[in-house]
Amino acid sequence: MVYLLLAEGFEEAEALVTADLLRRAEVDLALVGLDSLTVTGAHGITVAADCLLSDAEEEMEMLILPGGMGGVENIMMNLFAQAFIQRAGERGAYVAAICAAPTILAHLCMLDRRKAVCYPGMEDQMYSAVVRKETPVV
């Protein structure tokens, strides 16, 4: 199972295009609402999540974190979400973070000396990650 975590203020394009492509590829994907089954993105688009984070199984192949400053801030303020993300990494699931979301992984010390990219201007929040400015994807 692949989970895509949605928190109020998420970046719609990063979440919905990713979800659309994975579902077209027939990947087993669930949209996971942080606090609610309806989640509104940064540009006012409301999405229906498949389940709540509190109901998500911890056995997963991958966890995707879209950016969007509001969504990133809401995840950073939620200790349950932070613990869920850390457990995903500890259990060997792939953890993908888009745009501003890599700062969550940096905050959780999951990028120590690892190559990473982030939204331009957020490099100071990447702590001990090896930030790659010359490439858009790591």
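Select Ile75 in this predicted model. Leaving aside neighbours within four places in sequence, Ile75 contacts Leu5, Ala7, Leu34, Ala81, Gln82, Ile85 and Ile104. Show those residues as sticks and keep them on screen.

Next, add Tyr3, Leu63 and Ile85 to the selection. Together with Ile75, these residues touch the most other members of the largest nonpolar core, which has 27 residues. To see where that core comes from, colour the elements that give it two or more residues: strand 1 (2-6), strand 2 (29-33), strand 6 (62-65), helix 2 (69-76), helix 3 (79-90) and helix 4 (102-107). Which helix gives the most to this core? Select helix 3, which supplies four residues.

Now hide that group and select Val2, Leu29, Leu31 and Val47. These four are among the 11 residues of another core, which lies apart from the largest one.

Switch to a cartoon of the whole protein chain. How many helices and strands does the secondary structure come to? There are four helices and nine strands. Trace the cartoon along the sequence and the order reads β-α-β-β-β-β-β-α-α-β-α-β-β. Turn on contacts across the chain: among those with a separation of 6 or more, 59% join residues 24 or more positions apart.

Finish with the surface. The protein chain exposes about 7500 Å², and carbon and sulfur atoms supply 53% of that area. Colouring by burial gives the other side of the picture: 43% of the 138 residues count as buried.

Note on methods:
Residues numbered from 1 in each chain as written. Predicted model: local features only at pLDDT ≥ 70, side-chain atom pairs only at ≥ 80, totals over all residues. Heavy atoms only, no water. Buried < 20%, exposed > 50% of the residue type's maximum accessible area, 1.4 Å probe, protein only. Contact = heavy atoms within 4.5 Å. Areas by Shrake-Rupley, 256 points an atom, 1.4 Å probe, with all protein chains shown as cover. Core = buried A, V, L, I, M, F, W, Y, C linked by side-chain atoms within 4.5 Å.
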